[in-house]
Structures are given as C-alpha cells and as structure tokens.
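This report introduces a protein structure to a reader who has not met it before. The sequence and the coordinates are shown first, and the description follows.

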Amino acid sequence: LGRRHTSLDVETWAWTPDSLAVRSAQNTEAQMRKLKIIEHISLDGVIQHSADDDDFPYSDWTAPYRTPAGRDAMLAAYGGSFDLLLGRRTYDIWSGFWPKAPSSPMADRLNAATKYVATHRPESLEWGPFEGLGPDIVEGIRRIKSQDGPDLILSGSSTLTSTLLEHGLADEVVLIVSPVLLGTGKRFFAEGTPARAFELVSTQATPSGVILSAYKVAGPLKTG
C-alpha cells in the first residue's frame, strides 16, 4: 500500500497506482458470487443416483441413510437463499420432481432459485426461473459469478464438476458421504481432472453414518 500519514486523530492513506490496482482486484474478488459444489457420494466416489440412459442398478441409494439430522445439515449447507447451476440431465430430472413436491424448506428454496442450465436447447426449459449458460459454459459461469445475486450451488451434474475445478470456478466442495460401496456409476471427477488441494472447513456425522464434510478449494496440488 502507500505511505501512512497521521494528523491528530485522522489517519489517511496515500495510494499509489499499483496499490489501487491491487485494491480494485481484491474488491472484485470479494464481490464475486461464491460457487459451492454439493454432492451425495459413495465411498468409492459415485454420485449417480438414477439409471439415466445406462444400466446403473442402484437408484436412490441414499434413501436408507436419510435422517432429520441429515436433512437439517443439508439445509444449512445450501443456505437460505441461493441460485442453482445445473447440467441439462440433472435439470430435467429435478424439473420432473421438485415443482410437484409438497411445500418444504428445501422444495421452496429450490423452486425459487434461478436455475442456470448448461444446455443446447434453452428454448425447451420450463422449470423456472431459468437461464441458459450459453454456448461457452466457462465464460457463462464467469459472467454469472460476476453479477449481483446469491451464491451458486451445483449438485449432481457430474459433467460440470471437473470443468469448474479446472478453470478455478468452484470455491467450496461439500461431500455428503454415505457408508456404501457401489462399484459402478458416474464418478465425482472425470479421469484427467487437474490435481487440486483442499482445506477442510467443517465435518459432521449423522446418526445413520453419513458424513458431511465441507472443503475450500486451496489451489493446485503441492507434493514433496
């Protein structure tokens, strides 16, 4: 920063051009919407929950482990106000359920959220409010993060998780780990996802054995 000047009880700063540029960059970063990835995940890294177009045999494998404590922890992880970042497949699955679901804290928040969707067919979106990300997904997410609004949450949408981390767009990851081994299904990260380090923010266990762990993205992996 610049030199510090003190006159009686008044303190001012002499800003240099470099310090002003740094301050501007810091303010921009502070104003960016945060993006949080929240995933239900098995011990072997599977986040798939439905058959989709393949032969995945274990639909709704989280059901035996749901508890009131887990529900409350999920609500806390999502927060009171948020927008959603979704792949098209996850959007289509959720749009077939949540608009018709009975009113509840989670249903009401999901239905109220703006859904930013990675899709080649934005004209066919119906569950609103919604907005297509555009042809360049990375630039679309950067644009949305720079706008005013609540923080963003990505859930499901396995095709987007690797892209978010590769381009430094994710700020936090919340993993809801069920005590199961599935052996097949779509994984959290695709093969070849750039290595990253994370910092543990919090962890919580539910009576059914589910562990919720929140991590901040710390940057590239350091070894040695």
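The text below treats the sheet, its strands, the helices and a set of side-chain pairs, in that order.

**The sheet**

The model described here is predicted. Its eight-stranded open sheet has the order β6-β5-β4-β7-β3-β8-β10-β9, and the pairing is mixed. The edges are formed by β6 (130-132) and β9 (196-205); each has a single partner strand, so one side of each is left without a neighbour in the sheet. On average, and with direction ignored, neighbouring strands of this sheet are turned by 25 degrees against each other. As a general point, strands of a sheet pair through backbone hydrogen bonds, in either a parallel or an antiparallel manner.

**Strand β4 and its neighbours**

Strand β4 covers residues 83-87, and five of its five residues are buried, so the strand is largely enclosed by the rest of the structure. D83, L85 and G87 point one way from β4, whereas L84 and L86 point the other way. Burial here means a relative accessible area under 20%, and the residues on both faces of β4 are buried.

On one side, β4 is joined by three bridges to strand β7 (residues 152-155), and the two run parallel. Within this pairing, D83 has L152 of β7 as its bridge partner. β4 also pairs with strand β5 (residues 115-118), again in the parallel sense, over four bridges. Here L84 stands opposite K115 of β5, and the bridge partner of L85 in β5 is Y116.

Strand β5 can be described in a similar way. K115 and V117 point one way from β5, Y116 and A118 point the other way, and all are buried. Beyond its pairing with β4, β5 pairs with β6 in the parallel sense over three bridges. In that pairing, V117 has G132 of β6 as its bridge partner.

What lies in the loop between β6 and α5? P135 has its place there. With a relative accessible area of 90%, P135 is exposed. The C-alpha atoms of P135 and A118 are separated by 8.4 Å, and the two residues are 17 residues apart along the chain.

**An antiparallel pair and the helices**

In another part of the sheet, strand β8 (residues 172-177) and strand β10 (residues 211-220) pair in the antiparallel sense over six bridges. V177 has I211 of β10 as its bridge partner. Helix α2 (residues 68-78) packs on the sheet and touches β3 (35-41), β7, β8, β9 and β10. The direction of α2 makes about 155 degrees with that of β3.

Helix α6 spans residues 158-166, and its buried residues are L160, T161, S162, L164 and L165. G168 follows α6 and has a positive phi, near 65 degrees.

**Side-chain pairs**

Side chains of opposite charge can pair when their charged atoms come close. With a cut-off of 4 Å between a side-chain nitrogen of Lys or Arg and a carboxyl oxygen of Asp or Glu, the count comes to eight salt bridges. The table lists some of them, including the pair of R66 and D60.

| Salt bridge | N to O distance |
|---|---|
| R66 and D60 | 2.5 Å |
| R71 and D72 | 3.3 Å |
| K145 and D171 | 3.0 Å |

The pair of K145 and D171 links distinct elements: K145 lies in helix α5 (residues 137-146) and D171 in the loop between α6 and β8, so the pair ties together parts that are 26 residues apart in sequence. K145 is buried, with a relative accessible area of 4%, while D171 is partly exposed at 24%.

Are the partners in the pair of R66 and D60 buried or exposed? R66 is exposed, with a relative accessible area of 52%, and D60 counts as partly exposed at 41% relative accessibility. In the pair of R71 and D72, D72 counts as partly exposed as well, at 42% relative accessibility.

Another side chain meets the backbone. Q48 lies in the loop between β3 and α2 and, at 4% relative accessibility, counts as buried. The side chain of Q48 reaches the backbone nitrogen of K186 at 2.9 Å.

Notes. Residues numbered from 1 in each chain as written. Predicted model: local features only at pLDDT ≥ 70, side-chain atom pairs only at ≥ 80, totals over all residues. Heavy atoms only, no water. Buried < 20%, exposed > 50% of the residue type's maximum accessible area, 1.4 Å probe, protein only. Pairing = 2+ DSSP bridges. Axes fitted to C-alpha atoms, helices over the stretch in contact; angles between N-to-C directions. Contact = heavy atoms within 4.5 Å. Polar contact = N/O pair within 3.5 Å; in protein donor to acceptor, adjacent residues only side chain to side chain.
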